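This report is a short introduction for a reader who has not met the structure before. Please look at the sequence and the model first.

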Amino acid sequence: MRKKVLGSFSLHDDPDAGCVWETFRTVKLPKSAAFRDYSDWDITDDGRVVISSQEDSMLWIGRAVGVGNGTIDPDEFGFDSDVGDVYSFPKTERCETVYCNIEGIHFISEKRLVAVSDKAKGKQDSSCSRKDQSLHVFALP
C-alpha cells in the first residue's frame, strides 16, 4: 500500500504562448488533505474546494484564499488550513470499497457533488466494478 503524501498545487504560466509552461508558484495542500493520490479537484466562485482521491476513495472539502468572484489571484492563492473535512465515499455493508476509480469531482450545488468513475482495472477487487464507468451524485452532510 502506498504511503499518504501531502500534495501541492502548482500555478503555471505560459508567457510566450509556446510549448513550455513555467511553474511560478507551488502551494502545499493542508495536512488534512494528505492522500495516496489525487484524481481531481474543483473550486467554486467563492473559493470552496473539493479534492478527490482515487486510491483512498475519499475526498477533502475545504476553502481556498485568494479567490473572489470566480477569479484566482495567483499571488494570494492558498488554502485555509483551519477549514477542511475529509469524507469517505460510501462503502458496502461489509465496508468494501466500491468507488475505487473516481476520476472526476465537481460541485453541482452547495450540498451536492457529481463524480465520474473510470473502468475498474483487472487487478482490483470485484467490488470495484459495481460502480465503474458511471456518474454518481452525492449529497453532503
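The text below goes through strands and then pockets.

**Strands**

The model is predicted. One open sheet holds four strands, paired antiparallel in the order E3-E4-E5-E8. Strand E3, covering 40-43, and strand E8, covering 78-88, are the edge strands; each has a single partner strand, so one side of each has no neighbour in the sheet. On average, neighbouring strands of this sheet are turned by 20 degrees against each other, with direction ignored.

Within this sheet, E3 and strand E4 (residues 48-53) run antiparallel and are joined by four bridges. Isoleucine 43 lies opposite valine 49 of E4.

Further along the chain, strand E9 (residues 102-109) and strand E10 (residues 112-117) are also antiparallel, with six bridges between them. E9 and E10 make a hairpin, and two residues lie between the strands. Phenylalanine 107 stands opposite leucine 113 in E10. E10 is joined as well to strand E11 (residues 135-139), by five bridges and again antiparallel. In that pairing, valine 116 has leucine 135 of E11 as its bridge partner.

The table lists these three pairings.

| Strand pair | Bridges | Direction |
|---|---|---|
| E3 and E4 | four bridges | antiparallel |
| E9 and E10 | six bridges | antiparallel |
| E10 and E11 | five bridges | antiparallel |

Strands of a sheet pair through backbone hydrogen bonds, and the pairing is either parallel or antiparallel.

**Pockets**

The largest pocket has a volume of about 240 Å³. Its lining consists of Arg36, Gln54, Glu55, Asp56, Ser57, Thr97, Cys100, Lys121, Lys123, Gln124 and Cys128. By class, five of these lining residues are charged, four are polar and two are nonpolar.

The second largest pocket has a volume of about 160 Å³. Ser8, Phe9, Leu29, Tyr38, Ser39, Asp40, Trp41, Val49, Ile51 and Phe79 line this pocket. Its lining divides into seven nonpolar, two polar and one charged residues.

Which strands each supply at least two residues of the lining of the second largest pocket? They are strand E1 (8-13), E3 and E4. E3 and E4 are also the strands joined by four bridges. Val49, one of the residues that line the second largest pocket, is the valine that stands opposite isoleucine 43.

Terms used: Residues are numbered from 1 along each chain as its sequence is written. This is a predicted model: local features need pLDDT of at least 70, side-chain atom pairs count only at pLDDT 80 or more; totals for chains, interfaces and linings use all residues. Side-chain values use heavy atoms; hydrogens and water are left out. Two strands pair if DSSP finds at least two bridges between them. Axes are lines fitted to C-alpha atoms, for helices over the stretch in contact, and angles run from 0 to 180 degrees between N-to-C directions. On a 1 Å grid over the protein atoms alone, a cavity is a set of points where a 1.4 Å probe fits but cannot get out, and a pocket is an open set with protein on both sides within 12 Å along at least five of seven lines; lining residues have an atom within 4 Å of a point. Grid points are joined across faces, edges and corners, and a volume is the space filled by probe spheres set on the points. Ala, Val, Leu, Ile, Met, Phe, Trp, Tyr, Cys and Pro count as nonpolar, Asp, Glu, Lys and Arg as charged, and the others, Gly among them, as polar.
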